[in-house]
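Work through the exercises below with the sequence and the 3D view open. Try each task before you read its solution.

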Amino acid sequence: MRLLIPRETRPGERRVAVVPSVVGKFRQLGFEVLVESGAGDLAFAPDADYAEAGALVVPLSGMDDALAGTDVIASVRPLDYNRAKRLKAGAVALSFLSPGIDLETIRALRDAEATGLSFDLVPRISRAQSMDALTSQSLVTGYRAALVGADLLPKFFPLFMTAAGTIQPARVLILGAGVAGLQAIATAKRLGARVSAYDVRAASADEVRSMGGTFIQLDLDVVEGAGGYAREMTADRAQRQRELLTPHIADSDVVITTAAVPGRQAPLLVTSEMVQTMRPGSVVVDLAAESGGNVEGSRPGEQVKVGEVILWGAQDVPSEMPVHASQLYAMNVYSLLTLLAKDGAVVVDPGDEIIDGCAVVIDGDVRNETAQAALQGGS
Ligand code: NAD
């Protein structure tokens with residue numbers, strides 16, 4: 001069985017799907033590991049480290065043959081059309097393939113009679129936890145968000161009692177306490193801030209407290225959909241939530257927003273008017289900036305000033321910590337491959353709940369309904 005790791009091509013992407021320290025585990029599973037030359041450069045994993053770990057480094061000129069001969073290809077971002085179409089029938093491509101967006105790749109996989117499995121769609125069941133790349137990458141994002149807040153704030157995070165007087169700890173508010181939000185709470189706590197958080201899900205109050213944060217109780221109903229995720233709320237409830245959150249925002253030095261609803265644009269939690277209630281020098285970190293934004297006016301990859309408040313819009317945050325983001329992702333890839341590697345062959349079994357959940361295309365058959373609808377709409 002051959003596993004190929006290509007160089008990522010999307011601008012700004014610094015991660016690599018497999019790092020040298022995990023190559024040995026794939027080999028034990030029975031894979032010959034091929035890595036495109038330079039694939040790990042931006043994650044500080046040079047070709048020589050892959051070679052030392054037992055991988056074969058393939059120059060760009062050898063990639064067409066490598067693509068045609070591989071059984072599994074693992075990348076972070078979906079392959080582009082030209083690469084995906086070179087795969088052999090039955091080859092498996094693993095990545096964050098978005099069934100409603102990455103239609104060129106899905107078409108190429110369909111035409112090549114290949115298989116596309118997506119880390120966006122791994123079911124959130126305990127057996128799949130080790131394969132859950134959304135979780136591993138959100139951990140990186142949440143950690144980073146707290147550091148960005150601390151870095152941009154012209155104040156200390158911790159309490160300081162000094163001979164020159166006492167400095168009160170910064171107040172950090174986290175909106176959306178999923179995986180990223182909980183990690184942001186933990187990180188801001190470790191830095192000494194006073195942390196509070198709000199989320200629409202019923203379970204989140206205990207989760208916030210377990211991280212050492214104070215849960216903000218609002219006089220609103222919970223909004224919970226399938227699979228432990230939030231669902232879209234009515235415009236009235238969203239408006240009421242904004243009103244009730246405004247005094248908490250005004251009282252915060254740093255606000256970090258992480259709210260998302262699967263398959264929907266990110267909900268607007270904070271308006272410019274609310275941002276302007278914050279003290280000068282305060283910071284708002286919008287982790288949802290790439291999916292529509294939780295904060296009015298945020299732009300991915302940019303810092304915007306709203307009065308004297310800095311609004312930081314997230315873009316490719318895991319790529320800011322490519323070493324550990326790639327290491328965690330590599331272990332997610334490995335865990336998913338343990339499901340596929342059977343007696344020296346790659347077997348895609350749609351009878352397995354995890355494969356059934358994350359398969360967008362199997363042997364050219366587009367099975368995901370979102371992808372089917374998008375393909376019918378587009379061609
Ligand atoms: P997500 O990225 O989809 O959303 C982030 C958070 O935003 C969620 O907690 C959501 O409730 C919250 N949110 C949505 N709309 C909001 C609003 N208007 N105001 C405030 N908050 C809002 O979520 P996620 O981090 O992927 O986690 C979602 C759920 O999945 C959580 O319950 C988490 O514990 C669970 N989970 C389970 C597993 C597993 O069992 N394997 C793994 C990871 C996460």
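A polar contact is a pair of N or O atoms within 3.5 Å; within protein, one must be able to donate a hydrogen and the other to accept it, and residues adjacent in sequence count only if both atoms are side-chain atoms. The model is predicted: local features need pLDDT of at least 70, side-chain atom pairs count only at pLDDT 80 or more, and totals for chains, interfaces and linings use all residues. Residues are numbered from 1 along each chain as its sequence is written, and side-chain values use heavy atoms, with hydrogens and water left out.

**Exercise 1. Describe the surroundings of the ligand.**

Step 1: find the neighbours. The ligand has 23 residues around it (a heavy atom within 4 Å), and the closest are Arg-124, Val-179, Asp-199, Arg-201 and Met-233.

Step 2: look for polar contacts. Arg-124 places a polar side-chain atom 2.6 Å from a ligand oxygen. For the side chain of Arg-201, an N or O atom is 2.9 Å from an oxygen atom of the ligand. Ala-260 uses its backbone: an N or O atom there lies 3.4 Å from a ligand oxygen.

Step 3: check the cover. Alone, the ligand exposes 840 Å², and the protein buries 85% of that (Shrake-Rupley method, 1.4 Å probe).

**Exercise 2. Place Asp-286. Is this residue buried or exposed?**

Step 1: locate it. Asp-286 is in strand S13, residues 283-286 (strands are DSSP runs of E, at least two residues, numbered from the N terminus).

Step 2: classify it. Asp-286 is buried because its relative accessible area is 0%. Buried means under 20%, exposed over 50%, partly exposed in between (1.4 Å probe, protein chains only).

Step 3: list partners. Beyond four places in sequence, Asp-286 is in contact (heavy atoms within 4.5 Å) with residues including Thr-257, Gly-293, Val-295 and Trp-312. A polar side-chain atom of Asp-286 lies 3.1 Å from the backbone nitrogen of Val-295.

Step 4: compare sequence and space. Val-255 is 31 residues from Asp-286 along the chain, yet their C-alpha atoms are separated by 8.3 Å.

**Exercise 3. Classify Asn-332 and Ile-167.**

Step 1: take Asn-332. This residue is in helix H11, residues 322-340 (helices are DSSP runs of H or I, at least four residues). Its relative accessibility is 5%, so Asn-332 counts as buried. Among its contacts beyond four places in sequence are Phe-119, Met-131 and Ser-136.

Step 2: take Ile-167. Ile-167 is in strand S8, residues 165-167. Its relative accessibility is 35%, so Ile-167 counts as partly exposed.
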